[in-house]
Amino acid sequence: MDNRNEIRQFLASRRARITPGEAGLPNYGGSRRVPGLRREEVAMLARVSIDYYIRLERGNLSGVSESVLDSVARALQLDEAEHAHLFDLARAAAASPRPRRTPRKQQIRPSVQFALDAMTGAPAFVRNGRLDVLGTNRLGRALYSEMYTDPARPVNHARFTFLNPRSHDFYPDWNRAANDTVAILRTESGRDPYDRALSDLVGELSMRSEEFRTRWAAHNVRQHYTGLKHFHHPVVGDLHLMFDGLDLSADPGLSLLVYTAEPGSATEDALRLLASWAATLEQAEQAEQAEQSAQAEAVGQAGHPAQAGPAVRPVKAAAEPRAKAGGGTAKDQA
């Protein structure tokens, strides 16, 4: 990604959203040729010369001091995520240019997966900055069962949100989910502009989704560490979950996210039902695998194909249609 172009568009977009009145400047009326503040007004608020600010907005942040960046951030009324993004862009500008890194397969350490598996009452997963899901516990996979309908691995939140029609039912407030998804990717692009896999993902989504392309051009950024999320699961219905994210210090770039329900709430009951559904599915899959192994062993011993019995996959096939065809959820039918 072009660092100078990223800087130019980010600063210009932040300047355009602030009116003189919001900045505490007099508005003498009349038409303004640009939306928001003029460059000279930002320069005055940041206490730098107009020529110096023009240099910054043209994408040249190399060698700019932290105090100047802080002054520009205050003048543009940047929030915490935007302030951090500006500093990320400045660090990338100061670094020596280097080629885009070849994507390498990321994996979580076994101890991290063990920790995930130990969390039985809360959905949890590990993702990278590109929103690839690299590991999850049973309840996390059940929560995002719609996302796992895509055979591509690793599954990716952004691809699911913008390329899978199921996401519009899964996220009751799809616009918010879409905005947050793009803002997280934009934040990551400032932090690591040489991530080739991220560039490829942004290119793919830009080509295939106008909704993504429009949001990407807005240059909004967001930090994603805590909050409340709303889902509509096809089996258990509406879920209102709190989430907290933790960076894995031993695995730079990876974060652990855990969803929890308020004790005594309907969502807590729904999570218990989801856990039961997930356990039933897992048992059915294990039974099917055992049957397939037994059939393969029988073929090997007999030296000829054995008669194949019916596949054991009744639970998932039955659970989802009940929730949809009946107009309710599995919880309603329980």
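Leaving aside neighbours within four places in sequence, which residues is Glu 188 in contact with? In this predicted model, the contacts are Gly 129 and Leu 198. Glu 188 belongs to helix α10, which spans residues 174-191. Its relative accessible area is 12%. Glu 188 therefore counts as buried, since the cut-off is under 20%.

The protein has 334 residues, and 44% of them count as buried. Its secondary structure consists of 15 helices and 5 strands. The accessible surface comes to about 17700 Å². Carbon and sulfur atoms hold 51% of that surface. Among contacts with a separation of 6 or more, 57% link residues 24 or more positions apart.

Confidence was examined next. The pLDDT averages 87 over the protein, and 87% of the residues score at least 70. Residues 306-334 fall below 50. This stretch has 41 contacts in the model beyond near neighbours in sequence. Where pLDDT is low, the predicted coordinates should not be read in detail.

Helix α10 also contributes to the largest nonpolar core. That core has 42 residues. Tyr 144, Leu 185 and Phe 231 have the most contacts inside it. Several elements give two or more residues to this core. The helices are α7 (138-143), α8 (157-163), α10, α11 (196-208), α12 (210-216) and α13 (266-302). The strands are β4 (237-247) and β5 (254-260). Leu 185 has contacts with a range of residues outside its own stretch of sequence. Not counting residues up to four places away, Leu 185 touches Gly 129, Arg 130, Leu 131 and Ala 158. It also touches Leu 198, Leu 201, Leu 205, Phe 212 and Trp 216. Gly 129 and Leu 198 are thus contacts of Leu 185 and of Glu 188. Another core lies apart from the largest one. This other core has 26 residues, among them Leu 25, Val 42, Leu 86 and Ala 90.

The sheet was considered next. The 5 strands form an open sheet in the order β2-β1-β5-β4-β3, with antiparallel pairing. Strands β2 (133-136) and β3 (226-233) stand at the edges. Each has a single partner strand, so one side of each is left without a neighbour in the sheet. Neighbouring strands are turned by 30° against each other on average, direction ignored. Helix α13 packs on the sheet and touches β3 and β4. The direction of α13 makes about 85° with that of β4.

Individual pairings add detail. Strand β1 (residues 124-128) pairs with β2 in the antiparallel sense over 3 bridges. Here Arg 127 has Val 133 of β2 as its bridge partner. At the other edge, β3 and β4 run antiparallel and are joined by 8 bridges. Gly 227 stands opposite Phe 243 in β4. Strands β3 and β4 form a hairpin, with 3 residues between them.

Helix α4 covers residues 66-75. Its buried residues are Val 68, Leu 69, Ser 71, Val 72, Ala 73 and Ala 75. Their cover includes the helices α1 (3-16), α2 (39-46), α3 (50-57) and α5 (80-94). Gln 77 follows α4 and has a positive phi, near 55°.

Technical notes:
Residues are numbered from 1 along each chain as its sequence is written. This is a predicted model: local features need pLDDT of at least 70, side-chain atom pairs count only at pLDDT 80 or more; totals for chains, interfaces and linings use all residues. Side-chain values use heavy atoms; hydrogens and water are left out. pLDDT is the predictor's confidence in each residue, from 0 to 100. Contact means heavy atoms within 4.5 Å. Helices (H or I, at least four residues) and strands (E, at least two) are DSSP runs, numbered from the N terminus. Buried means under 20% relative accessible area, exposed over 50%, partly exposed in between (1.4 Å probe, protein chains only). A nonpolar core is a set of buried Ala, Val, Leu, Ile, Met, Phe, Trp, Tyr and Cys residues joined through side-chain atoms within 4.5 Å. Accessible areas come from the Shrake-Rupley method with a 1.4 Å probe; for residues, only the protein chains shown count as cover. Two strands pair if DSSP finds at least two bridges between them. Axes are lines fitted to C-alpha atoms, for helices over the stretch in contact, and angles run from 0 to 180 degrees between N-to-C directions.
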